[in-house]
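Biologist: Please take a close look at one part of this model, the place where its chains meet, and then set that part in its surroundings. A connected account would be most useful.

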Amino acid sequence: MRWLPLSAVVAILVSGAQAAQLPAPTAVTFADDPEEKEGTVGLVRWHAPVGYRAGGYELVGYRVEVEQLEGKWAGGRRIGAAEAKPFEEAAVVLDRGATSAPVERLSPWRRYLARVSALYMPAADAARLSEARPLDPADPAVRIASALTPRPGAPAGAWFDVEKTNVLAWVLVYSVIVLVTIAIAQRHDIYIRPIAGLQAVNDAIGRATEMGRPILYVTGLTGLSDIATIASMLVLGHLARRTAAYETPIIVPCYDPLVMAVDREIVRDAMVEAGKPQNYNPDNIFYVTDSQFGYVAAVDGIMVREKPAANFFMGYFYAESLILAETGASTGAIQIAGTDSDTQLPFFITACDYTLMGEELYAAGAYLSRNPLLIAQLRGQDIGKVLIALMLLGGAVAATCAVIFPDISLLSSIVEWFATGG
Amino acid sequence: MLVQFFVPHQSSQVAYELLLDWTRIIGAFAFVLGIGSLFRTHLDKIRRRRPEAGYSVVTLVAFFAMVTIGIFLPTAEQQSVRAAVLAVDTGASFQWLFDNVQVPLDATMFGLLAFFIASAAYRTFRARNFEAGLLLVTAVIIMLARVPIGEMIHAKLPSLYEWIMQYPAVAGKRGIIFGAALGSIATSLRIILGIERSHLGG
């Protein structure tokens with residue numbers, strides 16, 4: 001089946017007299033495309049005319065046109081007003097055996113009529129068609145025979161992607177676990193294991209205070225839309241609160257201006273909360289550039305000139321992570337990094353004194369604040385990890401047994417349940 | 001955004017695109033804040049004659065050069081400043097500056113990685129204990145297997161490399177990804193429910 005993009009096919013109109021003799025497609029229908037879930041693609045189906053030849057003409061393809069009817073519709077009921085659009089070409093199919101064509105850029109709230117026109121050419125011209133000389137629908141020799149859908153149709157969008165049911169189920173189960181543990185936390189003390197990187201935060205602050213040097217804090221190279229950046233900001237808030245008491249300056253070069261604006265608010269409020277609002281200096285939290293290596297060069301320059309006593313790299317990083325960490329190491333600073341970027345963790349682990357890996361970055365806020373609600377959420381995370389481990393084990397056993405016992409459909413169903421669609 | 005992931009209907013996608021557009025617009029306004037901060041920082045360093053003021057001068061000169069050339073310098077086709085200002089695409093001079101100044105500078109910084117990797121490896125790969133020794137042996141196997149001499153040393157070295165990268169490395173990586181994913185969901189829940197508000201200044 002060969003498709004042509006939508007184009008101005010306007011010359012196939014002089015065939016009125018001839019069209020009456022040429023058979024048109026039959027049983028034309030317009031329906032939803034079951035493969036497409038958004039509701040913007042419809043499927044026009046038809047039956048090919050009986051025989052490909054009639055009156056010296058030969059069938060060479062079909063043209064599909066769609067008319068948008070007036071109004072907005074939902075489930076057969078009119079729900080609003082909207083203008084109609086006349087017939088527009090939606091597809092040209094150069095395959096006389098074709099019986100369907102998708103129509104794109106529709107709306108699930110509108111209704112459409114479809115018209116399928118069989119395209120005929122004189123037999124001699126049709127025989128000369130080839131890849132090098134394709135059909136030109138504007139050719140005056142082309143004749144058409146059209147048929148209309150008997151009733152309007154509309155694409156139907158799906159309100160829920162059933163292929164993601166397993167993902168939704170897990171998200172709901174895990175969310176319930178976290179919320180329940182948060183609710184229970186108010187009645188119990190919860191132990192959390194010591195995390196070396198977070199225990200070293202106080203040491204880093206003390207070192208910077210004693211040496212009279214600033215602390216450098218890098219929030220990563222992503223914006224507010226990345227949860228790692230928000231987790232980094234939570235740590236920044238706690239750090240700013242602690243450094244405010246010692247009047248240790250904290251330098252925060254920012255990659256994103258929105259992040260800069262939020263960081264300023266966080267640090268200002270932390271210092272007000274610590275009772276040291278006069279120590280807040282907005283010039284210490286500044287925008288550098290959103291160019292990756294330009295930012296790295298700037299931060300390296302700050303490290304070499306200002307010689308901070310402690311460097312914190314918290315957030316999401318890319319290839320520049322090692323450049324930052326190595327430069328910081330060369331200045332003699334104590335370095336604490338935290339990222340959920342699995343590709344950059346090895347670099348931070350080799351070059352930094354302490355590294356928070358993955359979930360430890362998200363636990364840092366709870367760990368530093370010692371808020372019972374936040375610590376309880378960590379327990380929920382651990383329960384979730386246990387469940388994942390059990391699912392991994394169960395899934396591996398089921399997948400292995402499914403291969404050994406292919407006749408047991410339950411095993412295959414269990415394996416398919418974990419498959420992610422879409 | 002969460003709902004949009006599970007609802008493929010066009011209405012959901014339209015709402016998602018609308019929110020994305022709002023985010024881009026707000027981000028564009030935020031750039032005004034960023035540029036203001038940039039100017040303030042560097043002008044302050046120049047005014048106070050800080051030792052690194054020279055870098056600030058270079059920064060500001062480069063900033064104005066790119067803005068001037070990008071907005072006001074007409075291309076051969078535009079032939080007037082007004083046409084250049086109204087044009088959507090930047091001119092050939094702007095592209096030349098980007099291709100011949102920005103890109104080589106980025107490549108230079110990226111090239112530093114090779115030296116930093118060597119220095120980090122020299123400091124790290126020391127067999128102080130079992131874990132460090134295991135890291136050292138694995139790193140040597142991986143490095144040798146990636147160069148032709150590795151196969152000359154032992155024919156099975158590339159296969160061992162493939163096995164290490166496909167099984168233990170992937171297993172460790174997935175474990176970290178699982179943990180990070182759970183942590184991000186939990187953090188998102190805390191923020192959505194208002195349990196964690198410090199990033200809002202509260």
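Modeller: Gln377(A) is buried, with a relative accessible area of 0% (buried means under 20%, exposed over 50%, partly exposed in between; 1.4 Å probe, protein chains only). The residue is part of helix H11 of chain A, residues 372–404 (helices, H or I of at least four residues, and strands, E of at least two, are DSSP runs numbered from the N terminus). Beyond its neighbours within four places in sequence, Gln377(A) is in contact with Val178(A) and Ile182(A) of its own chain and with Ala186(B) and Arg190(B) of the partner chain (contact means heavy atoms within 4.5 Å).

The model is predicted, so local features need pLDDT of at least 70 and side-chain atom pairs pLDDT 80 or more, while totals for chains, interfaces and linings use all residues. Residues are numbered from 1 along each chain as its sequence is written, chains are lettered from A and ligands numbered from 1 in the order written, and side-chain values use heavy atoms, without hydrogens or water.

A second glutamine, Gln10(B), belongs to helix H2 of chain B. With a relative accessible area of 16%, Gln10(B) is also buried. Leaving out neighbours within four places in sequence, Gln10(B) is in contact with Glu38(A), Thr40(A), Leu106(A), Ser107(A), Pro108(A) and Trp109(A).

The contact as a whole draws 69 residues from chain A and 56 residues from chain B. Together the two chains bury about 5,500 Å², of which 71% is on carbon and sulfur atoms (the accessible area, 1.4 Å probe, lost when two parts are put together, summed over both). On the side of chain A, Leu234(A), Phe293(A) and Glu326(A) lose the most area to chain B, together 10% of what that side buries.

Between chain A and chain B there are four salt bridges (a side-chain nitrogen of Lys or Arg within 4 Å of a carboxyl oxygen of Asp or Glu). One of them pairs Asp283(A) with Arg40(B), whose closest N and O atoms are 2.6 Å apart. Asp283(A) sits in the loop between helix H6 (257–273) and strand S14 (285–287) of chain A, and Arg40(B) in helix H2 of chain B, so this pair joins two chains. Asp283(A) is partly exposed at 25% relative accessibility, whereas Arg40(B) is exposed at 51%. The chains are likewise joined by Lys173(B), in helix H9 (residues 168–192) of chain B, and Asp342(A), in the loop between strand S16 (334–339) and helix H9 (345–351) of chain A. Their side chains meet in a salt bridge of 3.8 Å, N to O, and Lys173(B) is partly exposed, with a relative accessible area of 40%.

Over all chains, the search finds 23 salt bridges. Within chain A, the side chains of Glu65(A) and Arg115(A) meet at 2.9 Å, N to O. Glu65(A) lies in strand S5 (residues 57–68) and Arg115(A) in strand S10 (residues 112–122), so the pair ties together parts that are 50 residues apart in sequence. Of these partners, Glu65(A) is buried, at 8% relative accessible area, and Arg115(A) is partly exposed, at 25%. Elsewhere in chain A, salt bridges link Lys37(A), Asp161(A), Glu163(A) and Lys164(A) in a network.

Disulfides (cysteine sulfur atoms within 2.5 Å) number zero over all chains. Cys254(A) forms none because the closest cysteine sulfur, in Cys352(A), is 19 Å away, too far for a bond. Both cysteines count as buried, Cys254(A) at 0% relative accessibility and Cys352(A) at 8%.

Chain B, the partner in this contact, has nine helices and zero strands. Of its 202 residues, 27% count as buried. Among contacts in chain B with a separation of 6 or more, 17% are between residues 24 or more positions apart. Met152(B), in helix H7 (residues 148–153), is exposed at 69% relative accessibility. Its C-alpha atom is separated by 55 Å from that of Gly34(B), 118 residues away along the chain.

The backbone has a notable feature in each chain. Arg49(B), in the loop between helix H2 (10–47) and helix H3 (53–72) of chain B, has a positive phi of about 55° although it is not a glycine. Arg49(B) is exposed, with a relative accessible area of 73%. In chain A, Ala27(A) has a positive phi of about 50°, again without being a glycine. Ala27(A) lies in strand S2, residues 26–32, and is partly exposed at 47% relative accessibility.
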